[in-house]
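Ready for a few exercises on a structure you haven't met before? Try each task by yourself, then check the worked solution below it.

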Amino acid sequence: MDYLTCDQVKFSYETGENGESHEVLHGVSLGIRKGEFVALLGHNGSGKSTLAKHFNAMLLPSGGKVYVDGLDTMDESLKIEIRRRVGLVLQNPDNQLIASVVEEDVAFGPENLGIAPPEIRRRVDDALKAVEMYDYRLNAPYKLSGGQKQRVAIAGIIAMQPDCIVLDEPTAMLDPRGRTEVLDTIHKLNREKGITIVLITHYMDEAVGADRVVVMDDGKILTQGTPREVFSQVQLLKNHQLDVPQATELVWRLRSEGYDLPDCVLDIGECVDALEPLLKSSSGDSYVCP
Amino acid sequence: MFVLETKDLTYTYGAGTPFQKTAVDHVSFGIEKGEFLGIIGHTGSGKSTLIQTLNGLLRPTSGSVLLKGKDIWAEPKKIRSVRFQVGMVFQYPEHQLFEETVLKDICFGPGNMGLGTEESEARARQAAKFVGLDEDLLNQSPFELSGGQKRRAAIAGVIAMDPDVLILDEPTAGLDPQGRDRLLEQISQYHKVRGSTVVLVSHSMEDIARYADRVLVMNKGKAVMLDTTEHVFARGRELEGMGLRVPQITSILLYLQEKGYPVHPVLTVDEAVEELRPLLKKGRVQHGS
């Protein structure tokens, strides 16, 4: 059974005083398996953040159902249980850190859950080690870089031992190094701790490493599949003003001019491997999709 | 002559304290009138400190900043006028909107310069056009605008001062790819039409590659490269050593170049297609797509 289930989810924001509303999710159905790494793509206003906020009962559907580990998010009495299972990391790390010492910040969540102090100590240490911020445990959060702050925010979630972490554009405000740090951390948590990841991002290259990519457009799922399946639909994505990785676009452009290139290229290495056999001075065999 | 120039510019935070840190270290460079200059460098490289010295928000610890050949700190009392001539758009400028209406907000800068209401409003309307804000939004409260519109309004407020140099610090942070492209396209349009000098600080190498004529690379407080965008990104491996990236497309061509193929590390997908086409083997296979 799926760990997160959306069944025909609709959501409307109230806009006017006289009860007018604006529907931003038009019946989305989606299942996410335990341990899966899912990237949610789409431009602003596509409904991706709104959908993500349904995964820990931050928002409740105005139609349809959302289940987390089988728990109905509409059931108010289950809210705490749901939030223990699914942690949310937001875009701006400065809005998420509250304590003046890194380890105190990480301890905030487990303290709220009423966990015994020795256990909190253990969880905080483990969480900081998992995001490679243990050496900074006594530092002040405001002195950290953006990438470091975001990893502390993630540690604060991990210390609550969730099954799933939903990250809403966690790298949008970071420099390239910070982005890499945060992405490496998320992948490690997924791989080593089996934490289910839902990563919302604008960056196509961040989505390439996911098990599955779900593309949202205008409150609906436009397409989904493995990164290779999704990014091979270059024309569809372009029609909806979505980017594809430059490596994919280059090969697609040359392919559409008639050159014998595969439609599966996702990253720099694959692009180079695919182009090389076609270059005049080379004698390599043509590229076979992995 | 350079419109803006630094000579041996050094800025030290907390000078004389145990926390002393030199953020900008003997930097000398010049910005040509009318150019579009990109500044890159990872967090902590000194680029934000550098741009704050350029419009006199920070006073250099040593060295100087010359605006049209004149030291901006020659008469400290006149530093305010420097800030009209070197307009600065900070990160997340929409956090600084405060007026009742968008129009009033955009007029704030020109008003501070001592211009009358009529002239201020004329400039504000023109600035709003440059950033693509609809006329009918001007009488709304800035807080009713969308995130992207707020950002445009804030940028218009600086453009309305008609600065000689417009400096933008990460103007597209947090925008989606569509919003990013539209905003940069408008800034580029402003640059072309007005012929004004634009300095773009960005983490996005793709954006820098697409718009900048030249690029200044900051690393550990020093200006380590200043050259045309093509030449800077051709040194991709050195940039990677500084924690920077090159655009993915440039990286692909760098790999092919390193493997001995006669390609140039170009900056955009369009250029890459042109670069590769003559090198690819004929005998095309038609794909039935």
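**Warming up with one strand pair**

**Exercise 1.** Work out how β6(B) and β7(B) pair, and how many bridges join them.

*Solution.* Step one: β6(B) is joined to strand β7 (residues 165-169) of chain B by four bridges, and the two run parallel. Two strands count as a pair if DSSP finds at least two bridges between them, and the elements themselves are DSSP runs numbered from the N terminus: helices (H or I) of at least four residues, strands (E) of at least two. Step two: look for a matched couple of residues; Val86(B) has Val165(B) in β7(B) as its bridge partner.

A word on conventions: this is a predicted model, where local features need pLDDT of at least 70, side-chain atom pairs count only at pLDDT 80 or more, and totals for chains, interfaces and linings use all residues. Residues are numbered from 1 along each chain as its sequence is written, while chains are lettered from A and ligands numbered from 1 in the order in which they are written.

**Exercise 2.** Place that pair in its sheet and say which strands stand at the edges.

*Solution.* Start with the order: β6-β7-β8-β3-β9-β10 of chain B, an open sheet of six strands with mixed pairing. Next, the ends: β6 (86-89) and β10 (222-228) of chain B each have a single partner strand, so one side of each has no neighbour in the sheet. Finally, the twist from one strand to the next averages 20°.

**Exercise 3.** Find which strands of chain B helix α1(B) lies across, then do the like for α5(B).

*Solution.* Take α1 (residues 47-54) of chain B to begin with: it lies across β3 (36-40), β6, β7, β8 (197-201) and β9 (214-219) of chain B. Its direction is at about 155° to β7(B); here axes are lines fitted to C-alpha atoms, for helices over the stretch in contact, and angles run from 0 to 180 degrees between N-to-C directions. Then turn to α5 (residues 147-159) of chain B, which lies across β6 and β7 of chain B and runs at about 170° to β6(B).

**Over to chain A**

**Exercise 4.** Build the sheet β2-β1-β4-β5 of chain A, pair by pair.

*Solution.* Overall, this is an open sheet of four strands with antiparallel pairing. The edge strands are β2 (21-32) and β5 of chain A, each with a single partner, so one side of each is left without a neighbour in the sheet. Now the pairs:

- β1(A) and β2(A) are antiparallel, with nine bridges; Leu4(A) has Ile32(A) in β2(A) as its bridge partner.
- β1 (residues 4-14) and β4 (residues 63-68) of chain A are antiparallel over five bridges; Leu4(A) stands opposite Val68(A) in β4(A).
- β4(A) and β5 (residues 71-72) of chain A run antiparallel, joined by two bridges; Tyr67(A) is opposite Asp72(A) in β5(A).

To finish, check the turn: β4(A) and β5(A) make a hairpin with two residues between them, and Asp69(A) in that turn has a positive phi of about 50°.

**The two chains together**

**Exercise 5.** Describe the side of chain B that touches chain A.

*Solution.* Count the residues: 32 of chain B are in contact with 34 of chain A, where contact means that the C-beta atoms, placed from the backbone, lie within 7 Å. Then ask where they sit: α6 (177-194), α10 (248-258) and α11 (269-276) of chain B are the elements that give two or more residues. Of these, α10(B) gives the most, with six residues. Last, sort by class: this side has 16 nonpolar, 12 polar and four charged residues. Ala, Val, Leu, Ile, Met, Phe, Trp, Tyr, Cys and Pro count as nonpolar, Asp, Glu, Lys and Arg as charged, and the others, Gly among them, as polar.

**Exercise 6.** How confident is the predictor in chain B, and what scores does the complex get?

*Solution.* For chain B, pLDDT (the predictor's confidence in each residue, from 0 to 100) averages 91, and 97% of the residues score at least 70. For the complex, the predictor gives an ipTM of 0.77 and a pTM of 0.82.

Methods:
Two residues are in contact if their C-beta atoms, placed from the backbone, lie within 7 Å.
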